[in-house]
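Me: Please take a close look at one helix pair and what surrounds it. Keep it brisk.
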Amino acid sequence: MDLRNNQITIRELLDHPGARKVLERRFPHVVGRPIVAASGSMTLERAMKLGAAYVPRKFIQETLKELQQL
C-alpha cells in the first residue's frame with residue numbers, strides 16, 4: 001500500500017479493508033473509538049507523532065511495514 005510518505009489520512013486507511021484489518025488487530029482498543037472516526041482527516045504522520053507518547057517506536061515501525069506490504 002502506498003502510504004504517500006505518511007501523508008495518507010486515517011480515513012483512507014480505515015476505508016481500505018486490508019489496512020483496517022491490520023489496524024484493528026494491532027490497535028484493537030483504538031480503532032473503534034469515535035475520536036478515531038472524527039480524526040479521519042489527520043495524516044498518518046501526525047497520528048504517529050501523537051501515538052509515540054503511548055506506543056513503542058518499534059511497534060509503530062512494524063505496523064508501517066505491514067501496511068506497506070498490502
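Is the crossing of α2 and α5 left-handed or right-handed?

Reply: The crossing of α2 and α5 is right-handed: right-handed is when the near helix is turned clockwise from the far one by less than a right angle, left-handed when anticlockwise. This is a predicted model, in which local features need pLDDT of at least 70 and side-chain atom pairs pLDDT 80 or more, while totals for chains, interfaces and linings use all residues. Residues are numbered from 1 along each chain as its sequence is written, and side-chain values use heavy atoms, without hydrogens and water.

Start with the helices. α2 covers 17–26 and α5 covers 57–68. Helices here are DSSP runs (H or I, at least four residues), numbered from the N terminus. The two axes come within 10 Å and cross at roughly 160 degrees. Axes are lines fitted to C-alpha atoms over the stretch in contact, with angles from 0 to 180 degrees between N-to-C directions. So α2 is roughly antiparallel to α5 (angles over 145 degrees count as such).

Next, the contact (heavy atoms within 4.5 Å). α2 contributes A19, V22, L23, R25 and R26. α5 contributes F59, E62, T63, E66 and L67. These residues divide into 5 nonpolar, 1 polar and 4 charged. Ala, Val, Leu, Ile, Met, Phe, Trp, Tyr, Cys and Pro count as nonpolar, Asp, Glu, Lys and Arg as charged, the others, Gly among them, as polar.

The core ties in here. The largest nonpolar core has 17 residues, of which L3, L13, L23, L44 and L67 touch the most other members. Such a core is a set of buried Ala, Val, Leu, Ile, Met, Phe, Trp, Tyr and Cys residues joined through side-chain atoms within 4.5 Å. α1, α2, α4 and α5 each give two or more residues to this core. Beyond four places in sequence, L3 contacts I8, L13, L44, L64, L67 and Q68.

Q68 lies in α5. Its relative accessible area is 47%, so Q68 is partly exposed (buried is under 20%, exposed over 50%, partly exposed in between, with a 1.4 Å probe and protein chains only). Outside its close sequence neighbours, within four places, Q68 touches M1 and L3. Q68 and A19 are 49 residues apart in sequence, yet 9.2 Å apart in space, C-alpha to C-alpha.

Finally, the segment before α1. N6 belongs to that segment, and so does R4. R4 is not a glycine but has a positive phi of about 50 degrees. N6, also not a glycine, has a positive phi of about 65 degrees. N6 is buried at 18% relative accessibility; R4 is partly exposed at 38%. Past four places in sequence, N6 contacts T43, L44, E45, M48 and L64.

Note on methods
Angles under 35 degrees count as roughly parallel, over 145 as roughly antiparallel, 65 to 115 as roughly perpendicular and the rest as oblique.
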